[in-house]
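Hi,

Here is the structure I said I would pass on. Have a look at it first, and then read my notes underneath.

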Amino acid sequence: MRYRDLQIETQRQSPNNARTEGFSFLVRGGYLTRENLLTKLGEYTLDHLRKLSTDESFLFHLSLPNINTDHEIYFPIQSGSINLAYCADCNYTDRLEFARFQKISLPGEEQLPLEKILTPDCHTIEALASFLNIPREKTAKALMYTRDLNNKFIFVVVRGDMQLSEAKLKQQVGEIRPATAEEIEESGAVAGYASPIGLKDALIVVDDLIPRSQNLVAGANEIDYHFKNTNYGRDYSAEIVADLVQARAGDACSNCGNPLSVVPVISLSTRNEHNFENISLALAETHHDDKGLAFPKLASPFDVYLMHVPGKEMNTHAKAEDIYNSLQSAGISVLFDDRDERAGVKFNDADLIGCPVRVTVGEKGLKEGMVELKLRRDKENRLVPVNKIAEEIKSLLK
Ligand SMILES: [Zn+2]
């Protein structure tokens, strides 16, 4: 391919909207526009990755840090839109919203009599716990939804210090939406002061920690009132008892008890369906230095960045043209920078684009029958006889 065929436009500056270095270098190397659209070079690179993917294990040959589950491969990245719960000790991995963890019950207590108490303006767990001077663990948090399928009103209870995972709830009840004020009123619940006690026609779903928690403070379904000492089984029961809450960093791994960490990631592959744009970002994130991209051979759409330095006496362009043809005949993929630009401009572009090898055809070397060859990752050039280039490149890229 020629530089011009791909209409490559490199950028001197990092884009203002760059959230990661990898994105910044993909834009600067001319693979992406600032608006995150693929350029011709970007499309060409994705096609290259698509061809590689006929080998099922290709992702593992790209030298990318990754976290795997049975059917997904993720790449850790600060800007990732997916959060994983990950145990570094036993490698347990799951999407955070589905992650299991060991829940810690409070010490068991005698069930105390239900007691209605005045709790003015306590319509959040925080306000309630602070007003009563109790830990949030001693409260029951209520959440109300309606099932899409049949408009069934769903009343959910989790312990006050826990966060509901809607994803886990959906696994139990199907698709849901937040209940409307009208639906809440019809059920007999009062938002901000709600509990499952005395509701009509509600599907009650509780987290499995609730039956193990005694004497929780819960709503009295009356404005400004709560019940002290509510107890599952005595005061209400549920159709579904299940794990409904979201794990947090530091929670104990359900397999081994060590603390889970929360890792932001992007997905590279799900059940052998690959996300090539994410793979390309992961490659750029992993393989760059302060001058630009530095792709490993397998990942790079081109083995060689070939350039000529315009000469005073000799036609270096024509010689580079010959080398372009002979390298391609030898099965080496080449990006030929055939512009009549200054050497400095081309060196910068070669570094930004990141092909593993740069070949420079210049007057001085040619006079001795040599071209300059440089590995992207090395600082030093080496001089190679023109008739030995293909051989030399093949041995370097092995
Ligand atoms: Zn573990």
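Below is what turned up when I went through it. Keep in mind that this is a predicted model.

Let me start with strand E8 (residues 153-159). Seven of its seven residues are buried, so E8 is largely enclosed by the rest of the structure. Both of its faces are covered: Phe153, Phe155, Val157 and Arg159 lie on one side, with Ile154, Val156 and Val158 on the other. Yes, there is an arginine in that list, and Arg159 is buried like the others.

As for the neighbours of E8, strand E7 (residues 140-147) runs antiparallel to it, joined by seven bridges. The two make a hairpin with five residues in between, and Asn151 in the turn has a positive phi of about 55 degrees. E8 also pairs with strand E10 (residues 202-207), this time in the parallel sense and over five bridges. Phe153 is a handy place to see both pairings: Thr146 stands opposite Phe153, and in E10 its bridge partner is Ala202.

Elsewhere there is an open, antiparallel sheet of three strands, in the order E6-E12-E11. E6 (115-118) and E11 (216-222) are at the edges with a single partner strand each, so one side of each has no neighbour in the sheet. From one strand to the next, the twist averages 35 degrees. E6 is held to E12 (residues 225-230) by four bridges, and Ile117 stands opposite His226 there.

Now the packing. The largest nonpolar core has 39 residues, and those with the most contacts inside it are Leu59, Leu62, Leu268, Ile279, Leu283, Tyr305 and Ile353. Helices and strands both feed into it: H1 (21-28), H2 (40-52), H6 (276-286) and H8 (343-353) are among the elements that supply at least two residues each, and so are E2 (72-76), E15 (261-270) and E19 (304-308). H6 gives the most, with six residues. If you want one residue to zoom in on, Leu283 touches Leu49, Leu62, Leu64, Phe295 and Ala299, leaving aside residues up to four places away in sequence. A second, separate core has 25 residues, including Phe101, Ile176, Ala247 and Cys253.

Which element gives the most to the lining of the largest pocket? That is H6 again, with four residues. The pocket holds about 460 Å³ of space and is lined by 22 residues, with Phe23, Leu32, Asn36, Asn278 and Leu281 nearest its centre. H1 and H2 also give two or more residues to the lining.

Over to you!

Key
Residues are numbered from 1 along each chain as its sequence is written. This is a predicted model: local features need pLDDT of at least 70, side-chain atom pairs count only at pLDDT 80 or more; totals for chains, interfaces and linings use all residues. Side-chain values use heavy atoms; hydrogens and water are left out. Two strands pair if DSSP finds at least two bridges between them. Axes are lines fitted to C-alpha atoms, for helices over the stretch in contact, and angles run from 0 to 180 degrees between N-to-C directions. A nonpolar core is a set of buried Ala, Val, Leu, Ile, Met, Phe, Trp, Tyr and Cys residues joined through side-chain atoms within 4.5 Å. Buried means under 20% relative accessible area, exposed over 50%, partly exposed in between (1.4 Å probe, protein chains only). Contact means heavy atoms within 4.5 Å. On a 1 Å grid over the protein atoms alone, a cavity is a set of points where a 1.4 Å probe fits but cannot get out, and a pocket is an open set with protein on both sides within 12 Å along at least five of seven lines; lining residues have an atom within 4 Å of a point. Grid points are joined across faces, edges and corners, and a volume is the space filled by probe spheres set on the points.
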